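Hi everyone, thanks for coming. Today I'd like to walk you through one structure at an easy pace.

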Amino acid sequence: MGAELLSPDKVRLPRAPLAAVNAAKGDVFRVRREPDGSLWIQEKLRASGYCAIRVMRTPDSPLGPFEPGVGAILDRFAELGVTGAGMFGIAVIDVPPNADLHALRRLLDAGERDGWWTYEELCVTDDWRATTPP
């Protein structure tokens, strides 16, 4: 995954990573550069206020095959101002700080209840934690 280099030892994420916990779009991290040029995260310096939620298409989902299913997942969240990326039936949605968290949680829970997907919280804010499920 690419990252915006802010200084030799700091990067900002352009979107949430597919599998990383405690990392969201716009977060700034201190990194260490290895001799081969690769960067390794050392610590989070600043949280962006975004949440990252991993949404996984269920095998019998009405959203279609795996790859088109990722687009169908992301399309469901677009009207809430939420974007994301994914592959192989897995999407990570980037939830902006000003999103309607109640509506988002209702959509996530309805999709899980209806067998469209399951979801996991990768990186959430206090505001998200304070939003109780319906």
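I'll talk about the cysteines, then a hairpin, and then an arginine.

Please keep in mind that this is a predicted model.

Let's begin with the cysteines. In general, a disulfide is a covalent bond between the sulfur atoms of two cysteines. So how many disulfides does the count come to here? It comes to zero. To see why, look at Cys51: its closest cysteine sulfur belongs to Cys123, and the gap is 7.0 Å, too far for a bond. A disulfide needs the two sulfur atoms within 2.5 Å. Both residues sit away from the surface, too: Cys51 is buried, at a relative accessible area of 2%, and Cys123 is also buried, at 7%.

Next, the hairpin. Please find strand E6, residues 83–87, and strand E7, residues 90–95. In which sense do E6 and E7 pair, parallel or antiparallel? They are antiparallel, with five bridges between them. Met87 faces Ile90 of E7 across the pairing. Two residues separate the strands in this hairpin, and Phe88, in the turn, has a positive phi of about 55°.

Last stop: Arg57, which you'll find in strand E5, residues 51–57. Arg57 is buried, yet it has no salt bridge. The nearest side chain of opposite charge is that of Asp60, 6.8 Å away, whereas a salt bridge calls for a distance within 4 Å. What lies 3.4 Å from a polar atom of the Arg57 side chain? That is the backbone oxygen of Pro59.

That's my tour, and I'm happy to take questions.

Notes. Residues are numbered from 1 along each chain as its sequence is written. This is a predicted model: local features need pLDDT of at least 70, side-chain atom pairs count only at pLDDT 80 or more; totals for chains, interfaces and linings use all residues. Side-chain values use heavy atoms; hydrogens and water are left out. Buried means under 20% relative accessible area, exposed over 50%, partly exposed in between (1.4 Å probe, protein chains only). Two strands pair if DSSP finds at least two bridges between them. Helices (H or I, at least four residues) and strands (E, at least two) are DSSP runs, numbered from the N terminus. Lys and Arg count as positive and Asp and Glu as negative; His and the chain ends are not counted. A polar contact is a pair of N or O atoms within 3.5 Å; within protein, one must be able to donate a hydrogen and the other to accept it, and residues adjacent in sequence count only if both atoms are side-chain atoms.
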